[in-house]
Amino acid sequence: MSFVWTLAEQHGGRLKDVSFELLSRGRALADKLDTKLASVVIGDGVSPEQLEALIRRGADEVYAIMDPRLAHFVCETYSNILSHLVKTYQPTIILAAATSMGRTVMPHVAVRVHTGLTADCTELDIEPGTGNLLQTRPAIGGNIMATIKTPQHRPQMATVRPKSSRPLPEDATRVGKVIEVPLIESLIDERVRVTGYRTDTADFVNLEEADVVIAGGRGMKKAEHFGMLHDIAGVFGGVVGASRDAIDRGWLGYSHQIGLSGKTISPRLILTAGISGSIQFLAGIKTSETIVSINTDPDAGLHKVADFGIVGDLFEVLPELQRRLHEHAAAPPAATTATADDERPDERQREERV
Amino acid sequence: MDIIVPIKQVPETSNVKMDPETGTMIRDGVGTVVNPLDLYAIETALRLKEAHGGIVTALTMGPSPAVKALREAIAMGCDEAVFISDRSFGGADSWATSYTIAQAIKQAGRYDLIICGERATDGDTGQVGPGIAAWLDLPLATYVASVTTLPGADAPVGLSVERLVEEGYQILELPLPALLTVVKEIGSPRLPTLRGKKRAKVTEIPLFNAQNLELDPAFIGLKGSPTKVVKVATPKVMRSGTVVRAHDEAEIALAVDRLLAFLDERGLLPRGDRP
């Protein structure tokens, strides 16, 4: 039986959280198919300890292709390598994250190896009897859930929405193989060159990878008022997002925009203030784990989808929330709130990334 | 610099019906617009043309009414348009769509650059742009937020672009011809002009169909699509949430109290003591 694969992601030699989220998806599928799970890592300088972590979190095998020329994602070269690996090992399923890398390289590879690809899946399962991968994704602005399969082509490829699954806890007893796959020179495509990164922008945010998003809309009235949201986000270790209305008024940069023409996110918590909740905005947050809304209008669309809604003036509610949160955060931690490292793999990595 | 901009006509609202048989969209009776994210691709192309000369060609694939999207693109300032339409192209997934468009681009003639929107707001895959690049073996940059040209002897020979990625912006240099997909940050799309609208009415738009396009029949339409839609369901939108009123000081204090308790119950409250 051919393997299930996940495509790990790295930046600067550090594996990203999505690499581990994908493994929990892949593990479930591999178990149902009674086959093995392998993770492919293309990059440079990913330490043996990190590669072992992929095994401790669900992989049976790790294929590591490491070379200084692979340090940065370049679609053509990564696609050459992945296509070559696919032809060599013939996996049955490949999962990648629906990130700027996954959503670029996967369609490229799908064309090359002539197979189907489903974008931004939120559910994956195996069809009983056929063993086909059932890929479910929100479409038409999240108004429908479409289940898609690739019955006659292999591998079956899918990108998976970041944060839509949690990494498995580390299991030190798991054993697996790390295989260093040598880079074949001819797979390097030198046409596109990475000349650098710009991360100096103060007004930049990584919405998709955030566990907590505090978002504001037109009801915030002024750019300055987003300070309250930044403050609350700070308490949660989260980031600030915004509706299109707020972005179009220039209150925040485009990287903050949530919704149909912005980012689609699945954080553990999204708290919105002054956002009425257009269909377009709701499309961007529907798969969030917990939704909290603060809005003066009891009929606001967001109150209808919220797990917890407060009908009130955000300029009265937010200051009180800020006060209580700070009071709370300042209180000494109770022994019972200590969380095992295993369950919170995200925390440590995020701090290092910032 | 000659630029091709593949665009898509999408339903105007998000209230679209699906055909339960084929799992494809029912387009009848729904207003249509040019995919809003494609307007940024058109804008980018027009700006490059203004700076470096050349011709901007809008291209779309879809059923007969989709030609309207091309006329809107011309009204914005595109010079020419190419329409790809045939019954046998219907129901194509992103693999078959990118194949058909790539074949049309090969036949349409010379180009220096192809610019696509980030994704369409209906299908929401963002896979057709990278797919076209793969078919045509063009250097690719996705999620492009800014473009500058690298000057050659008499025309630009390459581009330096900034890609919006999770860590910030990745800066790439690409030789031409190349394919970009652009994001909103690239610049505000212009409105159609009256002169453009007049020109849009009279511009002749050539049609590519199954007869005059060189195509492998096994690669087109629903039959040529590796992915099949097996089920379409309407997700439940409502959550059984709590909504509380906070109209005076006491209510606000109580509402915040309950919110904190609710967050704590879900393990979402940051470190600290229980409230």
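This tour follows the interface between chain A and chain B. The model is predicted, with local features requiring pLDDT of at least 70 and side-chain atom pairs pLDDT 80 or more, whereas totals for chains, interfaces and linings use all residues. Residues are numbered from 1 along each chain as its sequence is written, chains are lettered from A in the order in which they are written, and side-chain values use heavy atoms without hydrogens or water.

Select first the residues in contact (heavy atoms within 4.5 Å): 98 belong to chain A and 85 to chain B. The two chains bury about 8,300 Å² between them, 57% of it from carbon and sulfur atoms; buried area is the accessible area (1.4 Å probe) lost on putting two parts together, summed over both. Next, pick A:Tyr254, A:Phe308 and A:His328, which supply 9% of the area that chain A buries against chain B, more than any other three residues.

Turn then to the charged pairs. The interface holds 8 salt bridges, each defined by a side-chain nitrogen of Lys or Arg within 4 Å of a carboxyl oxygen of Asp or Glu. One of them to display joins B:Arg266 to A:Asp307, with the closest N and O atoms 3.7 Å apart.

Now select helix α9 of chain A, residues 314-330, which gives the most to the side touching chain B, with 8 residues; helices are DSSP runs (H or I, at least four residues) and strands likewise (E, at least two), numbered from the N terminus.

Finally, show strand β18 of chain A (residues 308-312) and strand β15 of chain B (residues 242-246), which pair in the parallel sense over 5 bridges; pairing requires at least two DSSP bridges. Here A:Gly309 stands opposite B:Val243.
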